Amino acid sequence: MALHVRGVLLPDDEVRDLWLVGDRVTFTPVPGAETVVDGGFVLPGLVDAHCHIGIARGGAPITSVDQARELAHVDRDAGVLAIRDAGSPYPYPELDDEPDLPRLARAGRHVAPPKRYLRDIGMEVGAAEVVATVAAQAKAGNGWVKLVGDWIDRGLGDLAPSWDADTLTAAVRAAHDAGVRAAVHTFSESAVEIMVRAGVDSVEHGTGLSLDLIDDMARQGTALVPTMINIATFGGIVDQARANFPAYAEHMLALRDGFPDVVRAAYEAGVPIYVGTDAGGGIDHGLAAEEMLLLHERAGMAPIDVLAAASWGARQWLGFSGLVEGGLADLTVYPEDPRRDLRVVRAPSRTILRGRVLR
């Protein structure tokens, strides 16, 4: 049966009627449709653009498709109806079109340097193997490759790029040659500079961004997914590392403390910013609303722009259409206007995924 929805449709800011016929949206009335929303503020379904449903709580790889499904359900129940899994050590392509799960954009396994990343998570390879590994992981995902751009170098006692600049640049080129986009994990100043210059498609975290690089990102259309929830955990990382790596500890704290200003500068420069929680491992799932609030409260993003970063803008970026004629039938409804009080996004009153009412 077709469904009828009536409410203030954002970002258009007007009361609209729309009908959901299967998994598609139409603005042409459908006789006999069941009204399932009559009032409230209607958004295209939320997105978590940096999430890991292939990593269990605590950081170990999942061991079954059922575990991935369970984690995706947590995000879905918080109003997230599309996920970009930014690297999974466990393959689960059979979930791509599962009706009860958020839509999935997936990278394969992280491409990481030997013994310089989270244990058992990435494909750890030397410089000579990076290009071939990127090509293989492009086939393992459905549109993305995840590169680990930097990590602690224990010999140096601080953050350092994963490989030399030529190798990192070749990795981005290999992803593009394979027809996918490249996302890069990076905390340090040196690695993010290499990757932005190389034309990477999205910077994950990006604590080491400079004003010059931010301007380059804005010109190139390079996206930033700040994962501010993740950056807030740097204190715990430092507590474990300070005794053996004091320079690294101080560097990480400085990056953490300056990060809200980095995100604010990127926002003001016009860099595309998207909401991502880095859920999986040390970050719980279902926290997209909290990331949205941090972007507003700490980085100064206007509520309407935060909503775009978590909804219609992020969906367009990932290739999941919004609430337009013929678009995908995913929506979240809130009882009050989230532009006036963004805290409303913590509690959707109605969630519809693929044309089916979930809440």
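## Strand pairing at the N terminus

Two strands are taken to pair if DSSP finds at least two bridges between them. In this predicted model, strand β1 (residues 3–9) and strand β2 (residues 14–21) run antiparallel and are joined by seven bridges. One of the residue pairs in this ladder is formed by Leu9 and Glu14, the latter being the bridge partner in β2.

Strand β2 also pairs with strand β3 (residues 24–26), again in the antiparallel sense. Three bridges connect β2 and β3, and Thr26 in β3 is the bridge partner of Trp19.

## The two hairpins

Four residues lie between the strands in the hairpin of β1 and β2. In that hairpin, Asp13 takes a positive phi near 60°.

The hairpin of β2 and β3 has two residues between its strands. Here the residue with a positive phi is Gly22, with a value near 65°.

## Val357 and its surroundings

Val357 belongs to strand β18, which covers residues 356–357. Its relative accessibility is 37%, and Val357 therefore counts as partly exposed, since that class lies between the limits of 20% for buried and 50% for exposed.

Although Val357 and Leu3 are separated by 354 residues in sequence, their C-alpha atoms are 9.1 Å apart in space. Leu3 falls within strand β1 (residues 3–9), and Val357 is in contact with Leu3. Setting aside neighbours within four places in sequence, the other contacts of Val357 are with Val36, Arg350, Thr351 and Ile352.

Conventions. Residues numbered from 1 in each chain as written. Predicted model: local features only at pLDDT ≥ 70, side-chain atom pairs only at ≥ 80, totals over all residues. Heavy atoms only, no water. Buried < 20%, exposed > 50% of the residue type's maximum accessible area, 1.4 Å probe, protein only. Contact = heavy atoms within 4.5 Å.
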